[in-house]
Amino acid sequence: MAAEDSDAEKTEPASAKRLEQAREEGDVPRSRELATFAVLMTAGAGLWFTGGSLVRELSATLRGGLSLTRDQVYNPQLLIERVGADIGSVMLACLPLAGLIMLVALGSPLLIGGWLFSSKAFMPNFMKLNPIQGMANMFSKNALVELVKAVAKAVAVGAVAYLVVLSQKDAVVGLAVEPLGQGSAHMMQLIAMAFLFMVGALGVIAAIDGPYQIWHYANKLKMTRQEVIQESKEAEGNPQIKGKIRQMQREMAKRRMMQNVPTADVVVTNPTHFAVALKYTDGQRGAPRVVAKGTDEVAAKIRELAKEHNVALLEAPALARALYKHTDIDEEIPEALFSAVAEVLAYVFQLRKYKKEGGQYPDRPNGNRLPVPPELDPFNPASQKNNDLH
């Protein structure tokens with residue numbers, strides 16, 4: 001049980017494939033606190049720098065809106081046009097600040113997680129309507145963190161607001177005795193200062209929430225060892241399936257090799273354990289090539305095909321073993337075996353001529369006396385000694 005529990009624990013970091021799947025589903029790290037702080041700070045800074053001109057434009061629009069001509073009072077059409085013009089002036093005056101706030105509201109979530117558009121995020125998820133799952137989410141670790149953040153925001157903002165008002169208590173009380181214009185401007189300064197301090201408190205929470213959301217996202221997507229192994233199998237291929245593919249490839253190569261046996265000039269045998277089919281194309285450059293080879297059952301099949309298609313068979317144990325050991329399919333024979341193979345092919349070509357034209361039957365070479373270097377024969381003690389030295 002302990003081994004199963006440890007294997008089921010999510011201890012491995014998320015793989016690139018897991019992260020990509022999460023992005024495709026619209027799941028990326030986001031910090032609402034960071035986005036809220038960015039929007040509020042932008043609004044406060046925008047009001048700080050453009051508040052004077054904005055107030056002047058809105059005041060002028062208000063004064064103009066309260067000044068109506070006789071025609072506008074008695075003509076509803078003119079009154080509607082005047083109201084529409086005033087609304088347009090207000091919107092035009094607020095447009096730069098509103099546009100800046102909208103731009104920051106759209107761009108601030110991209111600070112963590114980057115740009116993402118996923119159609120899967122628009123698909124309905126009926127699991128969210130599951131009351132049991134909803135209750136579990138209410139009492140989850142994430143819900144507890146959100147509760148702590150909400151309490152922290154309330155405490156931070158409330159504490160900062162209290163400290164600002166306490167520090168400016170005399171100024172707030174003195175607003176009652178200041179002239180209307182001066183008092184209004186002073187009050188706006190106090191409100192702006194309190195706003196910026198409160199937004200600064202939210203900035204501290206956002207600075208903590210941003211790294212936390214990145215950590216929480218990485219922790220949420222962690223994988224168990226079994227998931228890592230399974231993903232690796234899916235990426236690299238199941239070993240059993242790969243084994244089947246290799247087996248099929250070997251069988252296909254074997255069939256292709258067997259198709260070459262009828263075209264061979266001679267099959268050199270051990271006589272039972274080894275069989276190597278050789279082919280030499282007269283008039284072409286290069287040494288004779290091995291077109292098929294095998295041991296035991298494969299060797300027996302090669303000999304059977306050779307007999308069916310009248311391919312010459314020659315027992316030469318040392319030569320057969322050396323060819324099998326040191327030459328692959330469709331490769332030229334080693335230079336050290338040229339003399340031995342030349343004697344074999346000379347006999348084969350003379351035998352063909354005898355069968356076609358008659359005459360004297362060629363002398364069959366003694367397979368045990370062919371000039372095969374001892375070090376090339378894997379069964380020769382000299383070859384085994386040489387391998388031991390290497």
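This is a short tour of a predicted model, with a suggestion at each stop for what to select in your viewer.

**Stop 1: the whole chain**

Start with everything shown as a cartoon. The protein chain has 15 helices and 4 strands. It is 390 residues long, and 27% of them count as buried. Now switch on the surface. About 26,200 Å² is exposed, and carbon and sulfur atoms supply 61% of that area. What share of the contacts with a separation of 6 or more joins residues 24 or more positions apart? In this chain the share is 73%.

**Stop 2: the annotated spans**

Next, colour residues 34-55, 90-117, 147-167 and 187-208. An unreviewed UniProt entry gives these the feature "transmembrane region". Look at two of them in turn. Residues 34-55 are 100% helix and 0% strand, with end C-alpha atoms 29 Å apart. Residues 147-167 are also 100% helix and 0% strand, and here the end C-alpha atoms are 30 Å apart.

**Stop 3: Ser 108 and Leu 110**

Select Ser 108, which sits in the loop between α5 (76-107) and α6 (131-138). Is Ser 108 buried or exposed? Its relative accessible area is 5%, so it counts as buried, the cut-off being under 20%. Show the side chains of Ala 35, Ala 38 and Val 39 as well: Ser 108 is in contact with these three, leaving aside its neighbours within four places in sequence.

Now move to Leu 110, which lies in the loop between α5 and α6. Leu 110 is partly exposed, with a relative accessible area of 31%. Leaving aside neighbours within four places in sequence, its contacts are Arg 30 and Trp 115. Try your distance tool on Leu 110 and Val 28: they are 82 residues apart in sequence, and their C-alpha atoms are 10.0 Å apart in space.

**Stop 4: Arg 18**

Select Arg 18 in helix α2 (residues 16-24). This arginine is buried, with a relative accessible area of 18%. What does Arg 18 touch, not counting residues up to four places away in sequence? Add Lys 10, Leu 221, Lys 222, Met 223, Glu 227 and Glu 231 to your view, and you have the list.

**Stop 5: helix α14**

Select residues 338-357, which form helix α14. This helix has 20 residues and reaches 28 Å from its first C-alpha to its last, close to the 28 Å expected at 1.5 Å a residue. Colour its buried residues: Ala 340, Val 341, Val 344, Leu 345, Tyr 347, Val 348 and Leu 351. Then turn the view to look down the axis of α14. The buried residues fall within an arc of 155°, so they line one face of the helix. A general rule helps in reading this view: an α-helix has 3.6 residues a turn, so residues three or four places apart point the same way.

On the other side of α14, find Lys 353, Lys 356 and Glu 357, which are exposed. To see what the buried residues pack against, show β1 (266-269), β2 (274-279), β4 (312-315) and α13 (317-326). Before leaving, click on Gly 358 just after α14, where phi is positive, at about 85°.

**Stop 6: the nonpolar cores**

Stay in this part of the model and select Val 266, Leu 278, Leu 319, Leu 323, Leu 337 and Val 341. These residues have the most contacts inside the largest nonpolar core, a set of 26 residues. Which elements give two or more residues to this core? They are β1, β2, β4, α13 and α14. Helix α14 gives the largest share, 7 residues. There is also a second, separate core of 15 residues, which includes Met 258, Ala 264, Ala 277 and Ile 302.

**Stop 7: two leucines up close**

Zoom in on Leu 278. Not counting residues up to four places away in sequence, the residues it touches include Val 266, Val 268, Leu 323, Ile 333 and Val 341.

Finish at Leu 319 in helix α13. Leu 319 is buried, with a relative accessible area of 0%. Among its contacts, leaving aside neighbours within four places in sequence, are Val 268, Leu 337, Ala 340, Val 341 and Val 344. For a last distance, pick the C-alpha atoms of Leu 319 and Asp 377: the two residues are 58 apart along the chain, yet these atoms are separated by 7.4 Å.

Key
Residues are numbered from 1 along each chain as its sequence is written. This is a predicted model: local features need pLDDT of at least 70, side-chain atom pairs count only at pLDDT 80 or more; totals for chains, interfaces and linings use all residues. Side-chain values use heavy atoms; hydrogens and water are left out. The expected span of a helix is 1.5 Å times one less than its number of residues. Buried means under 20% relative accessible area, exposed over 50%, partly exposed in between (1.4 Å probe, protein chains only). The arc is that of the directions from the helix axis to the C-beta atoms. Contact means heavy atoms within 4.5 Å. UniProt positions are given in the numbering used here, feature names are shortened, and annotations may be inferred rather than shown by experiment. Accessible areas come from the Shrake-Rupley method with a 1.4 Å probe; for residues, only the protein chains shown count as cover. A nonpolar core is a set of buried Ala, Val, Leu, Ile, Met, Phe, Trp, Tyr and Cys residues joined through side-chain atoms within 4.5 Å.
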